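This report describes the fold, the first strands, the internal spaces and two selected residues of one protein chain. The sequence and the model are shown below.

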Amino acid sequence: MQGKIIKGIAGFYYIETHDARIYECKAKGIFRKDNVKPLVGDNVMIDIIDEENKKGNITEILPRKNRLLRPPVANVDQAVILFAIVKPDPNYNLLDRFLIMMRQQNLPVIICFNKQDIATQEEQQELYNAYEKCGYKVLFISVKEDKGLDELKELLRGKTTTLAGPSGVGKSSLLNKLVPDALMQTGELSRKIDRGKNTTRHSELFFVSELSEGEDETYLFDTPGFTSLNLNDVTTDNLMQYYPEFEEFEPECRFGGCSHIAEPDCGVKNALSEGKISAVRYENYKIIYEDLKNARPDYSKKARR
């Protein structure tokens with residue numbers, strides 16, 4: 001029988017079949033032998049060993065469209081990265097690291113900023129200017145007041161989307177609005193440090209019936225919140241490749257292979273001084289460049305607003 005992994009906890013995988021039945025399964029030993037781990041989002045074949053109690057074994061992982069390392073999920077069409085505009089203030093450096101990771105995996109990203117109801121127009125414009133210029137779709141929403149959700153739903157329709165972001169930005173609350181049956185625990189923001197409890201502890205896949213029609217099924221991954229991200233296979237030599245807004249101005253650099261840090265007559269720095277490149281993005285670029293240069297393990301720094 002074929003099904004899709006919708007949740008995995010402590011070696012048990014929960015498989016939803018086409019007739020909406022859910023089976024608790026374990027992966028056969030052959031996967032451990034081949035060093036292959038089933039992921040949430042995998043399409044699999046299962047053998048039923050106990051129909052009454054809905055238990056079985058995963059016998060085969062069907063070919064994957066793709067596989068993400070962070071969050072560890074499979075068969076994804078796009079990512080929605082959710083940050084708050086305020087309370088907590090966005091960690092731009094963390095956002096840029098996530099964008100780099102998704103660009104490494106050729107995954108389209110929608111940047112979604114929540115809490116529009118308590119943010120100023122100036123705060124929203126700053127964010128829009130920083131990220132719209134580098135080619136990302138930028139949305140402003142208020143989960144509390146249901147603002148902007150219709151546009152987001154249309155972007156989700158017929159796709160499998162991973163929903164990711166730091167704790168405390170309203171991710172579980174958004175999922176509750178999009179998938180009312182999810183009944184997610186939303187948690188309360190800590191008033192002392194303006195951060196939320198990480199109420200999601202594992203990745204889980206939800207079918208969004210409202211946005212599905214025929215074979216155009218809509219799924220949403222809910223994933224644990226994060227506070228830091230390490231970058232793999234990113235070096236000081238290739239970091240600029242993950243800042244697509246630099247490309248237009250690189251031919252104006254005096255030196256080939258310009259790092260856009262200390263060199264004179266740098267086209268990117270000239271564009272920065274003329275307001276053609278976001279100062280927030282460039283500041284993050286410099287911070288990440290120095291981290292890579294010095295191989296520092298601390299990735300928690302924020303770029304100033």
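## Overall composition

In this predicted model, 48% of the 305 residues in the protein chain are buried. The accessible surface of the protein chain is about 15700 Å², and carbon and sulfur atoms account for 46% of that area.

The protein chain contains 7 helices and 13 strands. Of the contacts between residues at least 6 apart in sequence, 66% join residues at least 24 apart.

## The strands β1, β2 and β3

Strand β1 (2-9) and strand β2 (12-17) run antiparallel and are joined by 6 bridges. They form a hairpin with 2 residues between them, and A10 in this turn has a positive phi of about 50 degrees. Strand β2 also pairs with β3 (residues 22-27), again in the antiparallel sense, over 4 bridges. The hairpin of β2 and β3 has 4 residues between the strands, and A20 in its turn has a positive phi of about 70 degrees.

Y13 in β2 has a partner on either strand: G8 stands opposite Y13, and C25 in β3 is the bridge partner of Y13. In a regular strand, side chains alternate between the two faces of the sheet. Strand β2 shows such alternation: Y13, I15 and T17 point to one face and are buried, whereas F12, Y14 and E16 point to the other face and are not buried.

## The second largest pocket

The second largest pocket holds about 430 Å³ of space. It is lined by 18 residues, of which K4, H18, N43, E217 and Y219 are the closest to its centre.

Strands β1 and β2 each supply at least two residues of this lining. The largest share, 3 residues, comes from β1. By class, the lining of the second largest pocket comprises 8 polar, 7 charged and 3 nonpolar residues.

## The enclosed cavity

The model has 1 cavity of 30 Å³ or more. The largest cavity contains about 30 Å³ of space.

The residues that line the largest cavity are A130, K133, C134, E245, K276, I277, S278 and R281. This lining consists of 4 charged, 3 nonpolar and 1 polar residues.

## Two loop residues: S259 and D117

S259 is located in the loop between β13 (219-222) and α6 (267-273). Its relative accessibility is 10%, so S259 counts as buried, given that the cut-off for a buried residue is under 20%. When residues up to four places away in sequence are left out, S259 touches M240, Y285 and Y289.

D117 is also a loop residue, placed between β7 (109-114) and α3 (121-132). D117 counts as partly exposed because its relative accessibility is 27%, a value assessed against limits of 20% for buried and 50% for exposed residues. Leaving out residues up to four places away in sequence, the contacts of D117 are with S142, K144 and E145. D117 and D146 are 29 residues apart in sequence, and their C-alpha atoms are 9.8 Å apart in space.

Methods: Residues are numbered from 1 along each chain as its sequence is written. This is a predicted model: local features need pLDDT of at least 70, side-chain atom pairs count only at pLDDT 80 or more; totals for chains, interfaces and linings use all residues. Side-chain values use heavy atoms; hydrogens and water are left out. Buried means under 20% relative accessible area, exposed over 50%, partly exposed in between (1.4 Å probe, protein chains only). Contact means heavy atoms within 4.5 Å. Accessible areas come from the Shrake-Rupley method with a 1.4 Å probe; for residues, only the protein chains shown count as cover. On a 1 Å grid over the protein atoms alone, a cavity is a set of points where a 1.4 Å probe fits but cannot get out, and a pocket is an open set with protein on both sides within 12 Å along at least five of seven lines; lining residues have an atom within 4 Å of a point. Grid points are joined across faces, edges and corners, and a volume is the space filled by probe spheres set on the points. Ala, Val, Leu, Ile, Met, Phe, Trp, Tyr, Cys and Pro count as nonpolar, Asp, Glu, Lys and Arg as charged, and the others, Gly among them, as polar. Two strands pair if DSSP finds at least two bridges between them.
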